[in-house]
Amino acid sequence: MIAAALGGLASFAASSIALAEENPDKTTSKLFLFRYDTEGASPDKMKGFLKKAVEVHRRNEIPATFFCKGATLELMKNEFGDFYKQVKGDRLFDIQNHSYSHIGLGYERGKPVEVLKADYERSFAVHERLFGVRPVGISICGTSGADGPHLSGFDATEKSRAELDMVASLGVRMIDSFLTGIDGSRRFVNYGSLGHADIMGFPSGYSDTAWMWQHQFGDPVEYVLGELRKRAEKNEHMPLMMHDWVAWMHAPDQELTHVSKFADAARKLGYKLVTHIDCLRDKQLWA
Ligand SMILES: [Zn+2]
């Protein structure tokens, strides 16, 4: 009897642990995070993208975060200025930062911390001039070559810890989840273990450079819908990393039809669509 009760308790405990592992965040709703890293280098080719993004996201009520590269903001200041005028105060649109020159954080070699800092300071200054506010969020830029391999997390080396300290000193309060042993495509984290409990890590993954530009997984739309269904079954969050230049120049059309399809499917599967700043405000989620 006691053994049976203990057995029952043990299996209850085991199932509670399993449940906690499957749904590690302190929330019951699964979130879909649409994001664009805007880093297009050709104003002529990118003409019309921002206008279309406002139209489609507003018509279909799809929240999205735009992580803007400083050099692109300068190159297309009229377009981004118009964009800001249209979306200012609209909670569907969250505008954050993506470094000035697409410089890499969290690499084994990487640039000296002072060089990284100057790059982010320059980008934040451009951002503030154009949008009137400093960004509080950045998405990590992927680089290759001289920076060496990407590390397992900001906790991996003294230099990468110093990089997190540096972005914290600039006022950054959200950045990709990047800690050793954490699945950064699924989890929100806070960086308390590195002395920054007020910084949220957000899930990041599914770059359209792989599925839409390089066609690594067959039909790009079917691939993302399939991954979305898999995540929904496990009650897991879904991040989607898009790029302005991929969505505009490599999608099947310039109506962002794929984005609308993903949003419709996500809603049917019970996802709540959110911006990154919505997540930062929801401290239950990560703090
Ligand atoms: Zn990028």
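What covers the buried residues of α5? Keep that in mind as you click around; this is a predicted model, and α5 is a good place to start.

**Stop 1: helix α5**

Select residues 77-87 to bring up α5, then highlight E79, F80, F83 and V87, which are buried. Look down the helix axis: the buried residues fall within an arc of 90°, so they line one face of α5. Now flip to the face turned away from that buried side, where you'll find the exposed residues N78 and K85.

Back to the opening question. Show α3 (49-59), β2 (64-68), α4 (70-75), β3 (93-97) and α6 (113-131): these are among the elements that cover the buried residues of α5. Before moving on, click G89, just after α5; it takes a positive phi of about 85°.

**Stop 2: strands β7 and β1**

Next, select residues 238-243, which is strand β7. Here 6 of the 6 residues are buried, so β7 is largely enclosed by the rest of the structure. Show the side chains and you can sort them by direction: M238, L240 and M242 point one way from the strand, while P239, M241 and H243 point the other way. Both sets are buried.

Add residues 31-38 to the selection. That's β1, which runs parallel to β7 and is joined to it by 6 bridges. To find your place in the pairing, look for Y36, which stands opposite M242 in β7.

**Stop 3: the largest nonpolar core**

Which residues touch the most other members of the largest nonpolar core? Select F32, M200, L240, A266, L273 and C279: those are the ones, out of 70 residues in this core. The element that gives the most to it is β1, with 5 residues. As background, nonpolar side chains tend to be buried together in soluble globular proteins.

Stay on M200 and show its neighbours. Leaving out residues up to four places away in sequence, M200 touches R173, M174, F188, N190, C279, L280 and W286.

**Stop 4: the sheet around M200**

One of those contacts leads on to the last stop: M174 stands opposite M200 in β6. Select β6 (residues 196-202) along with β4, and you'll see two parallel strands joined by 3 bridges.

Bring in β5 to complete an open sheet of 3 strands, in the order β4-β6-β5 and with mixed pairing. The edge strands are β4 (174-176) and β5 (189-191), each pairing on one side only. Going from one strand to the next, the twist averages 40°.

Definitions and conventions. Residues numbered from 1 in each chain as written. Predicted model: local features only at pLDDT ≥ 70, side-chain atom pairs only at ≥ 80, totals over all residues. Buried ≥ 20, exposed ≤ 12 C-beta atoms within 10 Å, placed from the backbone. Helix = DSSP H or I, 4+ residues; strand = E, 2+ residues; numbered from the N terminus. Pairing = 2+ DSSP bridges. Arc of directions from axis to C-beta. Contact = placed C-beta atoms within 7 Å. Core = buried A, V, L, I, M, F, W, Y, C linked by C-beta atoms within 7 Å. Axes fitted to C-alpha atoms, helices over the stretch in contact; angles between N-to-C directions.
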